[in-house]
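Subject: Structure for you to look at

Hello,

Please find the structure below. My notes on it come after.

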Amino acid sequence: MTLFADSPDAARAARGMARSTFQDWGLQSLADDAQLVVSELVSNAIHHTTPDECYVVPGASRRIDVGFRRWPKWLFIEVTDEDSSPPMIPIGEVFSPALVGDLPEALLPDSGRGLRIVQHLVDDLWWAPGEMGGKTVMCRFDLDVPRLGGSPREREC
């Protein structure tokens, strides 16, 4: 599905497509997580990307492509934008979880929260540069993992 960043309904359209795709595939239990993941990835593409020079066309809308792929054991969500800058995927904890409650909100990071949420919902998250520019951010849900109480990472804590 191709969306345009300038459309006020882009994220809503992506959420709707995620919900209907997961329901069509009989994966209702993942539909809410998929909606949140695709919404975060599309919102990041809308708010944090600037097209590479090869994509800049005066007056043209920025494209965002959203794809869903299902394999027997995995489900993938892919969001492609026209900016080849790497996404700021958080690595590790910003603060010790024991200290976060004692810190004023102003000290918590202003960015990266959405991708941190995505990381906790999916089984893997990565990105790849496009051949002609731009990039694709991809995530994977493992279908053979029971998800009562969330992703495997959430249950380990």
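The notes below cover one helix, one strand and one loop residue.

This is a predicted model, in which local features need pLDDT of at least 70, side-chain atom pairs count only at pLDDT 80 or more, and totals for chains, interfaces and linings use all residues. Residues are numbered from 1 along each chain as its sequence is written, and side-chain values use heavy atoms, with hydrogens and water left out.

Helix H1 covers residues 10–24; helices (H or I, at least four residues) and strands (E, at least two) are DSSP runs, numbered from the N terminus. Its buried residues are Ala10, Ala11, Ala14, Ala18, Thr21 and Phe22. They fall within an arc of 95° seen down the axis of H1, so they line one face of the helix; the arc is that of the directions from the helix axis to the C-beta atoms. Arg12 and Asp24, on the other side of H1, are exposed. Buried means under 20% relative accessible area, exposed over 50%, partly exposed in between (1.4 Å probe, protein chains only). The buried residues of H1 pack against strand E1, helix H2, E2 and E3, where contact means heavy atoms within 4.5 Å.

In strand E3 (residues 74–81), six of the eight residues are buried. E3 runs antiparallel to E2, with six bridges, and antiparallel to E5, with eight bridges; two strands pair if DSSP finds at least two bridges between them.

Aspartate 123 lies in the loop between helix H4 and strand E4. Aspartate 123 is buried, at a relative accessible area of 9%.

Regards

Notes:
Expected span 1.5 Å × (residues − 1).
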